[in-house]
Amino acid sequence: MALSSMIVTVAEDILARVLARPAVNGVRVIGVDGGAGGGKSTLARQLAELSGAGLVEIDDFVSWDDFAGWWPRFDEQVLEPLLAGKDAHYQVRDWINDWRGGSLGGWKTLPWQPLVVIEGVTCTRLATEGRLAYGVFVEAPADVRMARGLARGHGQEYDVRWLWERWLVEEGEFFAADRTRERADAVLDTGCDPATVTYRV
């Protein structure tokens, strides 16, 4: 099965599992986590497209020089409001004028809705335990993920290989300490052919 078809099938299955679970404070938040270049965005967008769910991308919070420290702002501006039945109003990184994402730019608003997908590295960290309806960990070997990342185009103007190398180390250390993968409800491996998915429950 082609990866694109596999992603649709996995997304449909995950949505069925999510909707079978009780909402948390009236909202079901699906977290799509994993290393950069693994395929998180593809799965998250498919989940949102199939369900009409809102989508919040962690790229609006993370930066090349802030791997995990952005969490308090995300918690305050996105997760806490959604769990309180309110709209999420959050300030985003200025990737257009600052290629490393160190600056903040404009604001986005996600109106409250009963189903929301959050996507990005460390978005299902331990601090979300009991607050998400479902967590997915998307993975692939580091060399595959780096190749995918360098092929995205930002390397044409800037030398980002060293940033990717540093990033992969930070990811590995964080996920091991946080035990992110072990807590996931589903693990999707996009580094093999065909891709595989394993469900915890």
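Author: Two strands count as paired when DSSP finds at least two bridges between them. This model is predicted, and six of its strands form an open sheet in the order β2-β5-β1-β6-β7-β8, with mixed pairing.

Reader: Which strands stand at the edges of the sheet, and what makes them edge strands?

Author: β2 (54-57) and β8 (196-199) stand at the edges. Each has a single partner strand, so one side of each is left without a neighbour in the sheet. From one strand to the next, the twist averages 20°.

Reader: How do you know that β2 is paired with strand β5?

Author: Four bridges join β2 to strand β5 (residues 115-119). The cut-off is at least two bridges, so β2 and β5 count as paired. The two strands run parallel. Within this pair, Val56 has Ile118 of β5 as its bridge partner, and Glu57 stands opposite Glu119 in β5.

Reader: What makes the side chains of β2 alternate?

Author: They point to two faces in turn. Gly54 and Val56 point to one face and are buried, whereas Leu55 and Glu57 point to the other face and are not buried.

Reader: How do you know that β3 and β4 pair, and in which sense?

Author: Strand β3 (residues 88-93) and strand β4 (residues 104-110) are joined over five bridges. At least two are needed, so β3 and β4 count as paired. The sense is antiparallel. Arg93, for example, has Leu104 in β4 as its bridge partner.

Reader: Why is β3 called largely enclosed?

Author: Five of the six residues of β3 are buried, so the strand is largely enclosed by the rest of the structure.

Reader: Why is α4 called oblique to α5?

Author: The axes of helix α4 (residues 142-150) and helix α5 (residues 161-178) come within 11 Å and cross at roughly 140°. An angle over 145 degrees would count as roughly antiparallel, and one from 65 to 115 as roughly perpendicular. The angle here falls in neither class, nor under 35 degrees, so α4 is oblique to α5. The crossing of α4 past α5 is right-handed.

Reader: Which residues of α4 and α5 meet?

Author: From α4 they are Ala142, Arg145, Met146, Gly149 and Leu150, and from α5 they are Arg161, Trp164, Glu165, Leu168 and Glu171. By class, this contact has five nonpolar, one polar and four charged residues.

Reader: Is Arg161 in α5 buried, exposed or partly exposed, and how do you know?

Author: Arg161 is found in helix α5, with a relative accessibility of 41%. Buried would need a value under 20% and exposed one over 50%, so Arg161 counts as partly exposed. Leaving aside neighbours within four places in sequence, Arg161 is in contact with Met146 and Leu150. The C-alpha atoms of Arg161 and Met6 are separated by 30 Å, and these residues are 155 places apart along the chain.

Reader: Is Thr122 buried or exposed, and how do you know?

Author: Thr122 has a relative accessible area of 0%. The limit for buried is under 20%, so Thr122 is buried. Its place is in the loop between β5 and β6 (134-139). Apart from neighbours within four places in sequence, Thr122 is in contact with Asp33, Phe67, Trp70, Trp71, Phe174 and Phe175.

Reader: What is the value of phi for Thr122?

Author: Phi of Thr122 is near 70°, a positive value in a residue other than glycine. Asn25 has a positive phi too, near 55°.

Reader: Where is Asn25, and is this residue buried or exposed?

Author: Asn25 lies in the loop between α1 (3-19) and β1 (28-34). Its relative accessibility is 56%. Exposed means over 50%, so Asn25 counts as exposed.

Reader: How do you know whether Val187 is buried or exposed?

Author: Val187, found in strand β7, has a relative accessible area of 11%. That value is under 20%, so Val187 is buried. Beyond neighbours within four places in sequence, its contacts are Phe137, Glu139, Arg181, Thr196, Val197 and Thr198. The C-alpha atoms of Val187 and Val197 are separated by 5.5 Å, with the two residues ten apart along the chain.

Reader: Which residues does the cis peptide bond join?

Author: The bond joins Asp193 and Pro194, with omega about 5°. Pro194 is in the loop between β7 (186-189) and β8.

How values were computed: Residues are numbered from 1 along each chain as its sequence is written. This is a predicted model: local features need pLDDT of at least 70, side-chain atom pairs count only at pLDDT 80 or more; totals for chains, interfaces and linings use all residues. Side-chain values use heavy atoms; hydrogens and water are left out. Axes are lines fitted to C-alpha atoms, for helices over the stretch in contact, and angles run from 0 to 180 degrees between N-to-C directions. A crossing is left-handed if the near helix is turned anticlockwise from the far one by less than a right angle, and right-handed if clockwise. Contact means heavy atoms within 4.5 Å. Ala, Val, Leu, Ile, Met, Phe, Trp, Tyr, Cys and Pro count as nonpolar, Asp, Glu, Lys and Arg as charged, and the others, Gly among them, as polar. Buried means under 20% relative accessible area, exposed over 50%, partly exposed in between (1.4 Å probe, protein chains only).
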